[in-house]
Amino acid sequence: MTLSDINPGSDSASLVGDLYRHYRALEQDIQVNEKSTRTTYRSPVNFIESMQKPRHRWFPYKEGFSPSFVEEFLSTGLHIENGLVMDPFSGSGTTALVAGELGFRGLGFDVSPLTDFVAKTKAISMNANELRTLKGYLLEFENSSLDIRASNPKNATVERYFETEVLDALLKAKEFFNEIDCPKTSSLFKLAFLTAIEPFSTHRKAGNGVKRKTNYSWPTPETDSVSAVKRFIVEKLGMFAADIEQTPNFHPPEFLQKSCLGDKLPDDVEDVGAVLTSPPYANCFDYSKIYMSELWLGDFFASKEDQRAFRQASVRSHVHATWAERYSEFGVPIVDEVIRPHIEEQDLWSPRIGSMLSGYFADLGNLLTNLKPRMRNGGKLGFVVGNSFYGGVAVATDLLLAELGRSRGYEVEEIRVYRGIIPSSQQFRKLGNNRKYMRESMVVLRRP
Ligand SMILES: C[S@@+](CC[C@H](N)C(=O)[O-])C[C@H]1O[C@@H](n2cnc3c(N)ncnc32)[C@H](O)[C@@H]1O
């Protein structure tokens with residue numbers, strides 16, 4: 001079925017029928033391989049394994065995927081010697097870091113100043129002298145009474161997520177590393193500080209924001225807040241130092257804090273042998289809300305304008321920004337002509353979801369178009385995506401992205417399904433056989 005078979009005057013129900021017929025037509029010649037459809041949190045595209053691996057375990061970025069998943073992708077059927085391994089949505093840097101561990105050149109882009117900092121810090125290498133400096137500061141920190149405190153974050157909501165004495169202790173630790181004039185050591189302290197924020201907060205990350213913890217207690221046994229925060233940070237830094245010592249031959253990747261979207265990619269993005277990435281899912285999550293405490297306490301945001309600029313630059317996967325028209329020529333017709341009108345007829349919690357979906361695929365189409373001339377012939381791309389569910393219909397991002405890839409001149413190798421997803425909406429039950437579209441998977445493309 002092609003779009004020209006769809007009657008422009010169709011009502012919403014028949015548009016939905018057209019949509020599922022469209023999915024089935026795509027499935028005729030796209031291989032969908034089910035590795036697993038279980039709805040489990042333990043899957044290769046989940047960050048849990050990262051928390052056991054040197055360097056990867058330094059910051060719990062729940063949106064990340066596992067290092068062994070990247071290793072497997074980079075070890076099969078690729079010719080990337082001397083070529084670049086790239087991740088346009090690099091988050092905590094898993095793809096580029098694993099590329100570095102395997103001896104490849106890794107490059108990651110991310111719009112978030114927080115994840116850019118996390119990834120760059122995870123890539124730090126130190127010689128014996130630098131390690132001695134780090135350990136010296138660690139000892140000084142342990143023995144310091146931490147009398148001076150950094151100023152409060154310029155966001156009153158963030159202040160409310162902490163007990164007063166805990167916020168005070170955190171800001172005292174912050175003042176200590178703000179004064180360290182050795183950039184690598186200071187960054188490692190700052191990363192340890194960032195990892196302390198959620199465990200010491202009265203709130204935790206939940207869905208698209210934060211929620212008050214039901215059983216709040218400090219993560220360390222100390223009874224005064226300064227000692228508790230100090231103990232936490234010292235333990236983290238001990239782990240960082242041990243991991244740095246354990247991974248001496250690591251090839252440090254490069255990370256750029258910028259959007260991967262636009263008119264073109266930077267000139268040095270060339271000869272790309274492999275891309276492995278996971279764009280934000282089209283599920284309305286706003287990273288600037290979920291990571292609000294880290295962004296403000298880490299001084300990545302100093303004003304509302306910083307938050308606004310971050311939202312504007314991000315891929316259109318949420319509804320917390322109003323975007324000027326961009327890249328509409330790169331989108332997917334069935335999204336613009338069937339999914340969007342259907343969704344705009346429903347009374348959803350935000351009227352912007354339809355345009356978000358159109359924009360999401362237009363943004364990804366823009367990236368795929370800009371990437372193609374920078375890829376080696378035969379270069380492989382893996383996009384880990386989660387499908388979504390709005391207004392009673394499944395938005396099969398994986399199939400639609402495969403279709404988009406094909407329209408941008410790539411071959412579609414397969415869709416590998418890693419797990420099922422159950423949306424909270426009651427309407428999900430009505431999906432019947434189409435429930436299978438609620439899944440997390442990887443779309444594998446190849447540049448011919
Ligand atoms: C699902 S996370 C990636 C996680 C990563 N695979 C890891 O292992 O940590 C998606 C990332 O895309 C970033 N992002 C959103 N819009 C972007 C854009 N236009 N350019 C680059 N990165 C972007 C977000 O800040 C987020 O960190």
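Biologist: Which strands does helix H15 (residues 397-407) lie across?

Modeller: H15 lies across S8, strand S11 (411-420) and strand S12 (439-446), and runs at about 10 degrees to S12. Quick heads-up: this is a predicted model, where local features need pLDDT of at least 70, side-chain atom pairs count only at pLDDT 80 or more, and totals for chains, interfaces and linings use all residues. Residue numbers start from 1 along each chain as its sequence is written.

Biologist: What do names like H15 and S12 stand for, and how is an angle defined?

Modeller: Helices (H or I, at least four residues) and strands (E, at least two) are DSSP runs, numbered from the N terminus. For angles, lines are fitted to C-alpha atoms, for helices over the stretch in contact, and the angle between N-to-C directions runs from 0 to 180 degrees.

Biologist: How do you know that S11 and S12 pair, and in which sense?

Modeller: Two strands pair if DSSP finds at least two bridges between them. S11 and S12 have eight, in the antiparallel sense, so they pair. One of the matches is Gly420 with Arg439 in S12. S12 also has seven antiparallel bridges to S8, with Val385 partnered by Ser441 of S12.

Biologist: Which strands run parallel to S7?

Modeller: Strand S2 (residues 84-87) does, joined to S7 by three bridges. Strand S8 (residues 375-386) does too, through five bridges. In the S2 pairing, Val85 stands opposite Ala274 and Met86 stands opposite Val275. In S8, Val275 has Leu381 as its bridge partner.

Biologist: What makes the whole sheet "mixed" and "open", and why are S1 and S6 called edges?

Modeller: Strands of a sheet pair through backbone hydrogen bonds, either parallel or antiparallel. Here eight strands line up as S1-S11-S12-S8-S7-S2-S3-S6, with mixed pairing, in an open sheet. Strand S1 (32-34) and strand S6 (254-256) each have a single partner strand, so one side of each has no neighbour in the sheet. From one strand to the next, the twist averages 15 degrees.

Biologist: What makes S7 and S12 "mostly covered"?

Modeller: Count the buried residues. A residue is buried if 20 or more other C-beta atoms (placed from the backbone) lie within 10 Å of its own, exposed if 12 or fewer, and partly exposed in between. In S7 (residues 272-277), six of its six residues are buried. In S12, seven of its eight residues are buried.

Biologist: Why is Ser293 called buried?

Modeller: Ser293 has 24 other C-beta atoms within 10 Å, which passes the cut-off, so Ser293 is buried. Ser293 is in helix H11 (residues 292-297). Leaving out residues up to four places away in sequence, Ser293 touches Val158, Tyr161, Ile197 and Ser201 (contact means C-beta atoms, placed from the backbone, within 7 Å).

Biologist: Why is Asp299 only called partly exposed?

Modeller: Asp299 has 17 C-beta neighbours inside 10 Å, a count in between the two cut-offs, so Asp299 is partly exposed. Asp299 is in the loop between H11 and helix H12 (304-313). Its phi is near 65 degrees, a positive value in a residue other than glycine.

Biologist: Where is Arg55, and why does Arg55 count as buried?

Modeller: Arg55 is in the loop between S1 and helix H2 (67-75). With 25 C-beta neighbours inside 10 Å, Arg55 clears the bar, so Arg55 is buried. Arg55 is not a glycine, yet has a positive phi of about 70 degrees.

Biologist: Which residues come nearest to the ligand?

Modeller: Gly64, Phe89, Gly91, Ser92 and Thr94, out of the 25 residues around the ligand (near means a C-beta atom, placed from the backbone, within 6 Å). The shell divides into 13 nonpolar, ten polar and two charged residues. Ala, Val, Leu, Ile, Met, Phe, Trp, Tyr, Cys and Pro count as nonpolar, Asp, Glu, Lys and Arg as charged, and the others, Gly among them, as polar.

Biologist: What are the domains of the chain, and how many residues from each make the contact?

Modeller: Domain 1 is 3-113 + 251-284 + 319-446 and domain 2 is 128-246; the bounds come from an automatic or database domain assignment. Their centres, taken over C-alpha atoms, are 34 Å apart. The contact takes six residues from domain 1 and eight from domain 2. On the domain 1 side, four are nonpolar, none polar and two charged.

Technical notes:
Contact = placed C-beta atoms within 7 Å.
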